[in-house]
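User: I have a model open and want to learn how to read its features. Where do I start?

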Amino acid sequence: MALQKNYIMHKTYLIIAAVLGILSVAIGAFGAHGVRSVVPPDVLEIYETGVRYQFYHVFALMAVGILYAWAPHKFMSAAGLLFIIGIILFCGSLYLITALKAGGKTVSPGIGIITPLGGLFLIAGWVVLLLGLIKMKS
């Protein structure tokens, strides 16, 4: 039973990473062709930061999925979850800020606070991944 659960978690993280990777390319292409023409350069930079960090963490999530197959430790599972939450909060808030600014709307401070919170989840993901690697048996 534990082996089946480990396989499901390992596969789930890899599938989520693949979907987020597809979205990274699609969102990035949309930015290059659609967003660039409707927002000033400083807002485009916000958008591109979201795409870049999403892509970086797709690879982190893939690593978690692969490592979880070898070392199904709770730290590996937690790292994957933290990366997913971090991508949603950090990158998602940057995309939302871009959309609001493109629409000429004011960005509320509440939305701006989501970005650093998402960043903390991404950092926590890396810390927990490190702990998982330390706990791996040779």
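**Reading the helix packing**

Analyst: Start with who packs against whom. This is a predicted model. The buried residues of α4 pack against α2 (41-70) and α3 (74-102).

User: Which residues of α4 are buried?

Analyst: They are I111, T115, G118, G119, L122, G125, V128, L129 and G132.

User: How many residues does helix α4 have, and what does it reach from its first C-alpha to its last?

Analyst: Compare the span with the expected value. Helix α4 covers residues 109-135, so 27 residues, and the expected span at 1.5 Å a residue is 39 Å. The model gives 40 Å, close to that value.

User: What pattern does the chain follow along the sequence?

Analyst: Read the elements in order. The pattern is α-α-α-α, with four helices and zero strands. The C-alpha trace spans about 55 × 25 × 25 Å along its principal axes.

User: What share of the contacts with a separation of 6 or more comes from residues 24 or more positions apart?

Analyst: Such pairs account for 78% of those contacts.

User: What percentage of the 138 residues is buried, and what do carbon and sulfur atoms supply of the exposed area?

Analyst: Buried residues make up 39% of the chain. The chain exposes about 7900 Å². Carbon and sulfur atoms supply 75% of that area.

User: Now a single residue. Why is T98 classed as buried?

Analyst: Check its relative accessible area against the cut-off. T98 is classed as buried because its value is 4%, and buried means under 20%. T98 sits in helix α3. Leaving out residues up to four places away in sequence, T98 touches V35, V39, V43, I46 and Y47.

Conventions. Residues are numbered from 1 along each chain as its sequence is written. This is a predicted model: local features need pLDDT of at least 70, side-chain atom pairs count only at pLDDT 80 or more; totals for chains, interfaces and linings use all residues. Side-chain values use heavy atoms; hydrogens and water are left out. Helices (H or I, at least four residues) and strands (E, at least two) are DSSP runs, numbered from the N terminus. Buried means under 20% relative accessible area, exposed over 50%, partly exposed in between (1.4 Å probe, protein chains only). Contact means heavy atoms within 4.5 Å. Accessible areas come from the Shrake-Rupley method with a 1.4 Å probe; for residues, only the protein chains shown count as cover.
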